[in-house]
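Student: I should like to go through this structure and ask, term by term, what justifies each description.
Tutor: Please begin once the structure is shown.

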Amino acid sequence: MLKKKIVIGNWKMNPPAKKEAESIFKSVLKNLNPKRKTEVVICPPFLYLESLKKLSKKVSLGAQDVFWEEKGAYTGEVSADMIYNIGARYVILGHSERRALGESNIDVNKKIKQSFSVGLIPVVCVGESVRDENHEYLNFVKTQVEECLFGVSKNFISKVIIAYEPVWAIGKNAVREATSEEFREMSIFIKKILSDKFGAKTIEQIRIIYGGSVHPENALGFLQEGADGFLAGRDSLDPKKFSEIIKICS
Ligand code: PGA
């Protein structure tokens, strides 16, 4: 079975008002080709999920985080059930900006399991902060993949989406984007880790996408090197650029 490509927009803590969020969302909708085969997911701040959900069913919605407990006395947290019940179907987990605030692989692992238990599909971010000459970064990513997915049931694992996002390639202070060859090398490496853990057959459908300074200009290169799609930050807030990336995927 051919894997469907997926383009995910991570709006982070933007935009400042619902009206703007709706306007960006509507522009993305307007540019969508109804015959496209690519799945499109937008991950706005929690607060906008409900109103965007009402605007259209053509674009899927996701959250940018979730708490690992089912419910209860956890001030400020949002549960997987709440996100699912509002109509979102994806959740970005382990983004480097959350890891920078203290999130560990163990936290991400608990969040993945909780998300799967209610039917949310986790988009698990992995990636090194630096590339060292001794290739220690490979071990770093291996540990992230193994610890984040530890104990995840075989029934769920094929649904997981892995976003390889080298930290040095993310955001406006990025050193540079990864090259498509760097992505290819890492995606083969991640597949090998997954295949050793879960078996080659089980992981066939897992999508490995690229994130970190994705733009219309570099998207094709990653696809040619086997990317199953993208996790875009800045360009997801620019409907023109985001639509262009979707088009290139299709
Ligand atoms: P960027 O962000 O596309 O702005 O580099 C990507 C991300 O953080 O997911």
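Student: How do you know that strand 6 and strand 7 pair, and in which sense?
Tutor: The model is a predicted one. Two strands count as paired if at least two bridges are found between them. Strand 6 (residues 161-164) and strand 7 (residues 207-211) have four bridges, in the parallel sense, so the requirement of at least two is met. Within this pair, Ala163 stands opposite Ile209 of strand 7.

Student: What makes the sheet a barrel?
Tutor: Eight strands close in the order 1-2-3-4-5-6-7-8, with parallel pairing. On average, neighbouring strands of this sheet are turned by 25° against each other, direction ignored. The secondary structure of the chain comprises ten helices and eight strands.

Student: Which strands does helix 10 touch, and how is its direction related to that of strand 1?
Tutor: Helix 10 (residues 239-249) packs on the sheet and touches strand 1 (6-10), strand 2 (39-43) and strand 8 (229-232). Contact here requires heavy atoms within 4.5 Å. The direction of helix 10 makes about 165° with that of strand 1.

Student: Why does the radius of gyration agree with a compact globule?
Tutor: For 250 residues, a compact globule would have a radius of gyration near 18 Å; the chain has 17 Å, and therefore the two agree. Along the principal axes, the C-alpha atoms fill a box of roughly 50 × 45 × 40 Å.

Student: What is the volume of the largest cavity, and which residues lie closest to its centre?
Tutor: Its volume is about 120 Å³. A cavity is a space where a 1.4 Å probe fits but cannot get out. The count is one cavity of 30 Å³ or more. Of the 15 lining residues, Gly212, Ser213, Ala232, Gly233 and Arg234 are closest to the centre. By class, the lining has four nonpolar, seven polar and four charged residues.

Student: How much space lies in the largest pocket, and what lines it?
Tutor: About 390 Å³ of space lies in the largest pocket. Its lining has 18 residues, with Lys12, Met13, Gln64, Asp65 and Arg98 nearest the centre. The lining divides into nine nonpolar, four polar and five charged residues.

Student: What is notable about the backbone at Lys12 and Pro15?
Tutor: Lys12 has a positive phi of about 55° although it is not a glycine. Asn14 and Pro15 are joined by a cis peptide bond, with omega about -15°. Most residues other than glycine have a negative phi, and most peptide bonds are trans. Lys12 lies in the loop between strand 1 and helix 1, and Pro15 is placed in the loop between strand 1 and helix 1 (18-30).

Note on methods. Residues numbered from 1 in each chain as written. Predicted model: local features only at pLDDT ≥ 70, side-chain atom pairs only at ≥ 80, totals over all residues. Heavy atoms only, no water. Helix = DSSP H or I, 4+ residues; strand = E, 2+ residues; numbered from the N terminus. Axes fitted to C-alpha atoms, helices over the stretch in contact; angles between N-to-C directions. 1 Å grid on protein atoms, 1.4 Å probe; cavity = no way out; pocket = protein on both sides within 12 Å on 5 of 7 lines; lining within 4 Å. Points joined across faces, edges and corners; volume = space filled by probe spheres on them. Nonpolar A, V, L, I, M, F, W, Y, C, P; charged D, E, K, R; others polar. Rg over C-alpha atoms; globule rule 2.2 N^0.38 Å.
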